[in-house]
Amino acid sequence: MSAASPNSLFGMGNPLLDICAVVDKDFLDKYTLKPNDQILAEDKHKALFDELVKKFKVEYHAGGATQNSIKIAQWMIQEPHNVGTYMGCIGKDNFGEILKEKAKEANIDAHYYEQDEEPTGTCAACITGNDRSLVANLAAANCYKKDKHLDLEENWKLVEKAEVYYIAGFFLTVSLESILKVAKHASENNKLFCLNLSAPFISQFFKDNLMQVMPYVDVLFGNETEAAAFAKEQDFETKDIKEIAKKAQALPKANTNRGRIVVLTQGKDETVMALSDKVDTFPVLKIDPKDIVDTNGAGDAFVGGFLSELVQEKPLEQCVKAAHYAANVIIRQAGCTFPEKPDFN
């Protein structure tokens, strides 16, 4: 039994159904996709979803970055169930029902805002080799409303119950006011608020939203490409990942009782963690490239593993260890899926 109690970990984000397929370079070129990227669908991508399903062998997985991380954290913790609470917006449709079903199977306490103006969001995961190009069609996920859902007494009670909060940067495009309400609650009550840089486009095109939330961020996650984009937008004038981590760590912070922690991953290279006075590095677990099935979900799994220990108040080294373990397991599976039980201690 873990030290975590039900609803002690809270996540809010874009619930998406992942449509995963191994594709070819022609398909990427046709829709001008980079092999390893994540973008929001534009008009030119409308036909992509249908073509993916018609032309390739697809698998459907419940996705959305934050939801993936909350599920992985719950999987690492195992008991009790419902340690993770999750909120986001879905449609009243078949895909929405699948997401509800999958959340239940993963033993997380999902409270979706359901509306019928937009269908449940989807994300095309176009896999080539060890790369994955993600194209998200937010649809319903984009319709999350603070006043219609987060502010409701029974939902806000769940926010108040939590000790650790995690929101992927992707949600900055949807509901800044919801994020700020949660982030300020965490800050005012000396709880932990965690955010992910999520994708280069967030730092580039949603910079103002990101920087409104940054003073409340206790733990900031990102990978090397996201960190580089963030550094460029913030005029850090360095490409050195340790320096970037240090500078992000030192950005202004509302709750001065806690120093910010910045955790940056670099694929197979070491993970960098900046604390108030030092930068530590942690080597990732070795894996034979032929054992890698799909890197989609590795970043989400890393965060999930980290959160699973953080919510149990374990030391940061242990959080990183769990993060590396979870990512290592996930990349051996298709999509953000996992075996029945973890083998982590």
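1. Does Glu313 count as buried or exposed? At 75% relative accessibility, Glu313 counts as exposed, because anything over 50% falls in that class. This note concerns a predicted model, and the value for Glu313, like the others below, is computed from that model.

2. The backbone at Glu313 also deserves a careful look, since phi there is near 60 degrees, which is a positive value in a residue other than glycine. As background for a new reader, most residues other than glycine have a negative phi. Glu313 sits in the loop that runs between α12 (298-310) and α13 (316-330).

3. A second residue with a positive phi is Asp235, where the angle is near 55 degrees and the residue is again not a glycine. Asp235 belongs to the loop between α10 (224-233) and α11 (241-249), and with a relative accessible area of 60% it is exposed, because that value is over the 50% cut-off.

4. The peptide bond leading from Glu79 to Pro80 is cis, with omega near -5 degrees. In general, most peptide bonds are trans. Pro80 is found in the loop that connects α3 (65-77) with β5 (84-91).

5. Helix α3 also takes part in a helix pair, for α3 and α12 pack at an angle of about 45 degrees, with their axes 7 Å apart. The two helices are therefore oblique to each other, since about 45 degrees lies outside the ranges that count as roughly parallel, roughly perpendicular or roughly antiparallel. Their crossing is right-handed.

6. On the α3 side, the residues that meet α12 are Ala65, Asn68, Ser69, Ile72, Ala73, Met76 and Ile77, while α12 contributes Asp300, Ala301, Val303, Gly304, Gly305, Leu307 and Ser308. The residues of this contact divide into 8 nonpolar, 5 polar and 1 charged.

7. Turning to the interior, the largest nonpolar core holds 58 residues, and the members that touch the most other members are Phe10, Met12, Tyr144, Leu150, Val182, Phe193 and Val213. Helix α7 (residues 176-188) gives the most to this core, with 6 residues.

8. Met12 shows how such a core residue is surrounded: leaving aside neighbours within four places in sequence, Met12 is in contact with several residues, among them Thr66, Tyr86, Met87, Tyr144, Leu150, Phe171, Ile179 and Val182. There is also a second, separate core of 38 residues, which includes Val83, Cys194, Val263 and Ala327.

Definitions and conventions:
Residues are numbered from 1 along each chain as its sequence is written. This is a predicted model: local features need pLDDT of at least 70, side-chain atom pairs count only at pLDDT 80 or more; totals for chains, interfaces and linings use all residues. Side-chain values use heavy atoms; hydrogens and water are left out. Helices (H or I, at least four residues) and strands (E, at least two) are DSSP runs, numbered from the N terminus. Buried means under 20% relative accessible area, exposed over 50%, partly exposed in between (1.4 Å probe, protein chains only). Axes are lines fitted to C-alpha atoms, for helices over the stretch in contact, and angles run from 0 to 180 degrees between N-to-C directions. Angles under 35 degrees count as roughly parallel, over 145 as roughly antiparallel, 65 to 115 as roughly perpendicular and the rest as oblique. A crossing is left-handed if the near helix is turned anticlockwise from the far one by less than a right angle, and right-handed if clockwise. Contact means heavy atoms within 4.5 Å. Ala, Val, Leu, Ile, Met, Phe, Trp, Tyr, Cys and Pro count as nonpolar, Asp, Glu, Lys and Arg as charged, and the others, Gly among them, as polar. A nonpolar core is a set of buried Ala, Val, Leu, Ile, Met, Phe, Trp, Tyr and Cys residues joined through side-chain atoms within 4.5 Å.
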